[in-house]
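Me: I'm new to this one and would like a close look at a single part: the charged pairs that link stretches of the chain. Could you walk me through them, and then through a few residues around them?

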Amino acid sequence: MYKILVVDDEANIREVLKEYAEFEGHEVDEACDGMQAIEMAKNKDYDIIIMDVMMPRLDGYSACKEIRKIKQTPMLMLSARGEEYDKLFGFELGIDDYVVKPFSPKEVMARINAIVKRNTASASAASEVEKFEGLEINFTSRDVFIDGEKANLTPKEYDLLFYLVRNKNIALTRNKLLEEVWGYDFFGDDRTIDTHIKMLRNNLGPYRKYIVTLRGLGYKFEA
């Protein structure tokens, strides 16, 4: 059973998602705007939050940023806007998936199951700490240290680095990284991976050398 928070200003959408989720045996709470979602996320731990983008008082992106300051709860965004820019902006904030309205409730439930299982598996499979010279990665606390100084990475940079390290010395295609780290069907080009790799390397300083480019294929963490 998952604990799910559904955040949308449209009551009928909340009701449909709640009906399908409860049918599968999950526990569902509802919020009608971003402000209410933040307060509920502070007071209760959820397995996943389903967040609409366009809402009164506080939009979904802003609510996501505030929640990310205190918790790393997986998030699935809902939006009537399907432009690539909107999706990439959401993924920059660290969301796990993005569904465009109108949507199939069955598809949303399938994506919820995939997100929660992927996050649970990642947490249980990870070694607590990996060290490579002065680069220290603590999977449990979700911290990265460079020569003893804590690195300041975006949520998606953490996800990307952790996946690379867990699969160290394995060649990973860009499509594989998109599928496993972003967890959605990517219909654009590969620039989002290359952009994140560039930012991650900049943040790793002298230890950027561990992320090796495989020309025409993708990347690998070589240690």
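Reply: Here is a walk through the salt bridges, followed by the cysteines and two loop residues.

Before we start, this is a predicted model, in which local features need pLDDT of at least 70 and side-chain atom pairs count only at pLDDT 80 or more, while totals for chains, interfaces and linings use all residues. Residues are numbered from 1 along each chain as its sequence is written, and side-chain values use heavy atoms, with hydrogens and water left out.

Now to the charged pairs. Side chains of opposite charge can pair when their charged atoms come close. A salt bridge here is a side-chain nitrogen of Lys or Arg within 4 Å of a carboxyl oxygen of Asp or Glu. By that rule, the model has 23 salt bridges.

Take aspartate 29 and lysine 44, a salt bridge whose closest N and O atoms are 2.9 Å apart. This pair links distant parts of the chain, 15 residues apart: aspartate 29 sits in strand 2, and lysine 44 is in the loop between helix 2 (34–43) and strand 3 (48–52). Helices (H or I, at least four residues) and strands (E, at least two) are DSSP runs, numbered from the N terminus. As for how covered the partners are, buried means under 20% relative accessible area, exposed over 50%, and partly exposed in between (1.4 Å probe, protein chains only). Aspartate 29 is buried at 19%, and lysine 44 is partly exposed at 24%.

Next come aspartate 33 and arginine 57, with their closest N and O atoms 3.3 Å apart in a salt bridge. Aspartate 33 belongs to the loop between strand 2 and helix 2, and arginine 57 to the loop between strand 3 and helix 3 (60–68), so their pairing ties together parts that are 24 residues apart in sequence. Aspartate 33 is buried, at 5% relative accessible area, whereas arginine 57 is exposed, at 64%.

Further along, aspartate 159 makes a salt bridge with arginine 142, and here the closest N and O atoms are 2.8 Å apart. Aspartate 159 is in helix 6 (residues 155–166), while arginine 142 is in the loop between strand 7 (135–138) and strand 8 (143–146), so this pair ties together parts 17 residues apart in sequence. Salt bridges can also share partners, and in this way Asp8, Glu10, Asp52 and Lys101 are joined into one network.

What about the cysteines? A disulfide is a pair of cysteine sulfur atoms within 2.5 Å, and the count by that rule is 0. Cysteine 32 is in no disulfide, and the nearest cysteine sulfur, that of cysteine 64, is 18 Å away. Cysteine 32 is partly exposed at 35%, while cysteine 64 is buried at 0%.

Two loop residues round off the tour. Histidine 26 is in the loop between helix 1 (11–23) and strand 2 (27–31), and is buried at 9%. The histidine 26 side chain reaches the backbone nitrogen of tyrosine 2 at 3.0 Å. Contact means heavy atoms within 4.5 Å; leaving aside neighbours within four places in sequence, histidine 26 has contacts including Met1, Ile4 and Met109.

Glycine 94 lies in the loop between helix 4 (84–92) and strand 5 (97–100), and is buried at 3%. With neighbours within four places in sequence left aside, glycine 94 touches Arg68, Pro155 and Lys156.

How values were computed: Polar contact = N/O pair within 3.5 Å; in protein donor to acceptor, adjacent residues only side chain to side chain.
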